[in-house]
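Please find below a colleague's note, written for someone who is opening this structure for the first time. The points are numbered so that each can be checked in turn against the display.

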Amino acid sequence: MAMLQVIQSWHNPVLDRIMVIVFNDFVGAKGEIWVILGLILFLIPKTLKCGIFILVSYILAYFIGDGVLMELIGRIRPCNVDTSVPLIVKRSTSYSCPSVHSMLAFASAVSVFMNYKRTGIFTLVFAGLIGFSRLYFFVHYPTDVIFGAVLGTIIGYKLAAAKAHAPWPWDERR
């Protein structure tokens, strides 16, 4: 909790506004930015496979994180443990661990990275910033974010590994 308290001391009107616009409004309450990116890439023939992997990794991460692990672990969010900290985002009543935003971000970012290294570096950095935003917003503990990032990375990597071994119907047969 000490680390979260230090991060809370960094709040100021300018940074708060930037964080809310970029990491709450733009990313979306359920990480919708990754669905949008996946759909855009899916519609472009050259990036179709990457789009599919982003969408599949999103679905898996969301189901595993929000549908199974959060309820199973049942960790109360820091904002619901210490209600004296003012929030700049809506208070969630769901559980805290793992950070599903981090899972979705890293699963999707790793999917991009495994297909397009240079662009993937940007998406991995962005995923890390999403994870940090969860701490800044006081809605997750650092371990929630780390756990979500690790699980998301595993999901993205395993899907990419499956891509290397699975035939695609539209690939040329030799």
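The points that follow take up a helix pair, several single residues, two backbone features and a pocket.

1. Before anything else, please keep in mind that this is a predicted model, and that the remarks below should be read as a description of that model.

2. A good place to begin is the pair formed by helix 2, which covers residues 13–26, and helix 7, which covers residues 117–136, whose axes come within 10 Å and cross at roughly 115 degrees. The crossing in which helix 2 passes helix 7 is left-handed. Two packed helices are described by the angle between their axes and the distance between the axes.

3. Which residues bring helix 2 and helix 7 together? On the side of helix 2 they are L15, D16, M19, V22, F23 and F26, and these meet F126, L129, I130, F132, S133, R134 and Y136 of helix 7. Sorted by character, the residues of this contact are 10 nonpolar, one polar and two charged.

4. Within helix 2, M19 deserves a closer look, since it also belongs to the set of residues that meet helix 7. M19 has a relative accessible area of 6% and is therefore buried, the limit being under 20%. Apart from its neighbours within four places in sequence, M19 is in contact with N24, F132, S133, Y136 and F137. As a further check on the display, the C-alpha atoms of M19 and V125 are 15 Å apart in space, while the two residues are 106 apart in sequence.

5. Just as instructive is the pairing of S57, found in helix 4, with S111, which lies in helix 6. Are these residues buried or exposed? S57 is buried, with a relative accessible area of 0%, and S111 is buried as well, with a value of 1%.

6. The surroundings of these two serines can be followed from either side, leaving out residues up to four places away in sequence. S57 touches A107, S108, S111, I155 and L159, whereas S111 touches C50, F53, I54, S57 and G156. S57 and L104, which are 47 residues apart in sequence, have C-alpha atoms 7.5 Å apart in space.

7. Helix 4 also holds L72, and here the reader will find a contrast with S57. L72 has a relative accessibility of 65%, and because exposed means over 50%, L72 counts as exposed. Its C-alpha atom is separated by 9.5 Å from that of Y95, a residue 23 places away along the chain.

8. T47 lies in the loop between helix 3, residues 32–43, and helix 4. Although placed in a loop, T47 is buried, with a relative accessible area of 13%. Setting aside neighbours within four places in sequence, its contacts are L41, F42 and Y116.

9. Two backbone features should be inspected with care. Most residues other than glycine have a negative phi, and most peptide bonds are trans. The bond from C97 to P98 is cis, with omega near 0 degrees, and P98 has its place in the loop between helix 5, residues 78–81, and helix 6.

10. The other backbone feature concerns F138, whose phi is near 65 degrees, a positive value in a residue other than glycine. F138 is in the loop between helix 7 and helix 8, the latter covering residues 142–165. With a relative accessible area of 0%, F138 is buried.

11. Finally, how is the largest pocket lined? This pocket has a volume of about 460 Å³, and its lining is made up of 19 residues, with A29, R77, S92, H101 and R134 lying nearest its centre. The elements that give two or more residues to this lining are helix 4 (48–73) and helix 6 (100–115). By character, the lining divides into seven nonpolar, six polar and six charged residues. One of the residues nearest the centre, R134, is also among those of helix 7 that meet helix 2, which links this last point to the helix pair taken up earlier.

How values were computed:
Residues numbered from 1 in each chain as written. Predicted model: local features only at pLDDT ≥ 70, side-chain atom pairs only at ≥ 80, totals over all residues. Heavy atoms only, no water. Axes fitted to C-alpha atoms, helices over the stretch in contact; angles between N-to-C directions. Helix = DSSP H or I, 4+ residues; strand = E, 2+ residues; numbered from the N terminus. Left-handed = near helix turned anticlockwise from the far one by under 90°. Contact = heavy atoms within 4.5 Å. Nonpolar A, V, L, I, M, F, W, Y, C, P; charged D, E, K, R; others polar. Buried < 20%, exposed > 50% of the residue type's maximum accessible area, 1.4 Å probe, protein only. 1 Å grid on protein atoms, 1.4 Å probe; cavity = no way out; pocket = protein on both sides within 12 Å on 5 of 7 lines; lining within 4 Å. Points joined across faces, edges and corners; volume = space filled by probe spheres on them.
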